[in-house]
Each structure stands twice: as C-alpha cells, then as structure tokens.
Amino acid sequence: MNVGDVSPSHTHGTPAGTLDRMNFMASKTPTPAPVAPKTRPADDDGGSVVLERRTQKTKPPQMYQVVMLNDDYTPMEFVVVVIQEFFNKDRETATQIMLKIHLDGKGICGVYSRDVAATKVEQVQEAARQAGHPLQCVSEPAE
C-alpha cells in the first residue's frame, strides 16, 4: 500500500481523508519563531555618573560581661552551683570564679551579646530569689 492509498480495508476504521491530513501534518516543516530585532544601547555622551559600590565594614556587636557581686549572706557553694548551671563551667573553674567574687567583691562569669547577657542575669537573680539568697548579678559592656 502506498501512503496516498486510502481504502476502507487498510485504515482500520479511519475516515478516508484523515490519513492524508495526518501525512501532510507530519511532513510539513515548522515555521521558525519570529526573532526580535537587535538594538544597540545608546551611545554614552560622557555625562554619566557611575557609582562604585564600596564594601561596608560592619563592626562586631558590643559584647557584655556578666558580673556577679559579693555579699555576706549567699553561701559559696550556691554561687559555685549557679556558675556551673548557668555559665556551663566545670566545678574547678566555677570555684575559681567564686573565690574571685569573694576576694575581689566581684567576678566575671562570662562574656555574651547584650540579649544573652541580660538573660543570664535574669536566670541568676531568679535562682537566687527562689533559694532565698540576696546574690546580685549585673551585665556591663566588656572592655
């Protein structure tokens, strides 16, 4: 059978003109999509200003030291436990900080960003209040 021959016995129920139309559609070459014309940018008249981007140097955030103050009533052992719990220090380091507080009147427990330092102060003061101790803790800008 030739491609153009369409007879009812060879089309298996396809109408007579459909095969010719399908053959035509398959053999037709597609037309290319229209291409936009290329345009050149306008010539610079020399009066343009070009801004140069400068890299900004950001300063690291101000750090704050959490300082515990000595008092004559809070037990040394309580101070050690508070330093271990809220400042993640081992027992030996916490004891050294407690002795500095006891001997010098104050001691630095850690250095943090402002928000973290404020949270540490609140945690220490709340623990002291709940235990009935007058322990004081403050945050101040680190030097």
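## Starting at Thr 95

Thr 95 is partly exposed, at a relative accessible area of 27% (the label covers what lies between buried, under 20% relative accessible area, and exposed, over 50%, with a 1.4 Å probe and protein chains only). Thr 95 sits in helix α3; helices here are DSSP runs of H or I with at least four residues, strands are E runs of at least two, and both are numbered from the N terminus. From Thr 95 to Val 81 the C-alpha distance is 9.0 Å, with their positions 14 residues apart in sequence.

## The model as a whole

This is a predicted model, in which local features need pLDDT of at least 70 and side-chain atom pairs count only at pLDDT 80 or more, while totals for chains, interfaces and linings use all residues. Residues are numbered from 1 along each chain as its sequence is written, and side-chain values use heavy atoms, with hydrogens and water left out.

The average pLDDT of the protein is 84, and 73% of the residues score at least 70; pLDDT is the predictor's confidence in each residue, from 0 to 100. Residues 6–11 are a weak spot for confidence, with pLDDT under 50 throughout. For that stretch the model has five contacts beyond four places in sequence, a contact being heavy atoms within 4.5 Å.

As for the fold, there are four helices and three strands, in the order α-β-α-α-β-α-β from the N terminus on. The protein has 143 residues, 22% of which count as buried. Take the contacts with a separation of 6 or more, and 65% of them come from residues 24 or more positions apart.

## How α2 packs

Let's take α3 as the first partner. Helix α2 and helix α3 (residues 91–104) pack at about 125°, and their axes are 9 Å apart. Axes are lines fitted to C-alpha atoms, for helices over the stretch in contact, with angles from 0 to 180 degrees between N-to-C directions. That angle makes α2 oblique to α3, because under 35 degrees counts as roughly parallel, over 145 as roughly antiparallel, 65 to 115 as roughly perpendicular and the rest as oblique. The α2/α3 crossing is right-handed, which means the near helix is turned clockwise from the far one by less than a right angle; anticlockwise would be left-handed. The contact involves Val 79, Val 80 and Ile 83 of α2, among others, and residues of α3 including Ala 94, Thr 95 and Ile 97.

Then there's helix α4 (residues 114–131), which packs with α2 at about 140°, the axes being 11 Å apart. The crossing of α2 and α4 is right-handed. From α2, the contact is made by Phe 78, Val 82, Phe 86 and Phe 87; among the α4 residues in it are Val 124, Ala 127 and Ala 128.

## One aromatic pair

The count comes to one aromatic pair, with rings of Phe, Tyr and Trp (its six-membered ring) pairing if their centres lie within 6.5 Å. Phe 87 and Tyr 112 form it, 6.4 Å centre to centre with 35° between the planes, and the pair is tilted (under 30 degrees is stacked, over 60 edge-to-face, the rest tilted). The pair links distant parts of the chain, with Phe 87 in α2 (residues 76–87) and Tyr 112 in strand β2 (residues 106–113), 25 residues apart. Both Phe 87 and Tyr 112 are buried.

## Either side of α2

Pro 75 lies in the loop between β1 (63–69) and α2, and is partly exposed at 35% relative accessible area. Its C-alpha is 8.3 Å from that of His 133, 58 residues apart along the chain.

Asn 88 is in the loop between α2 and α3. Asn 88 isn't a glycine, yet has a positive phi of about 55°; at 66% relative accessibility, Asn 88 counts as exposed.
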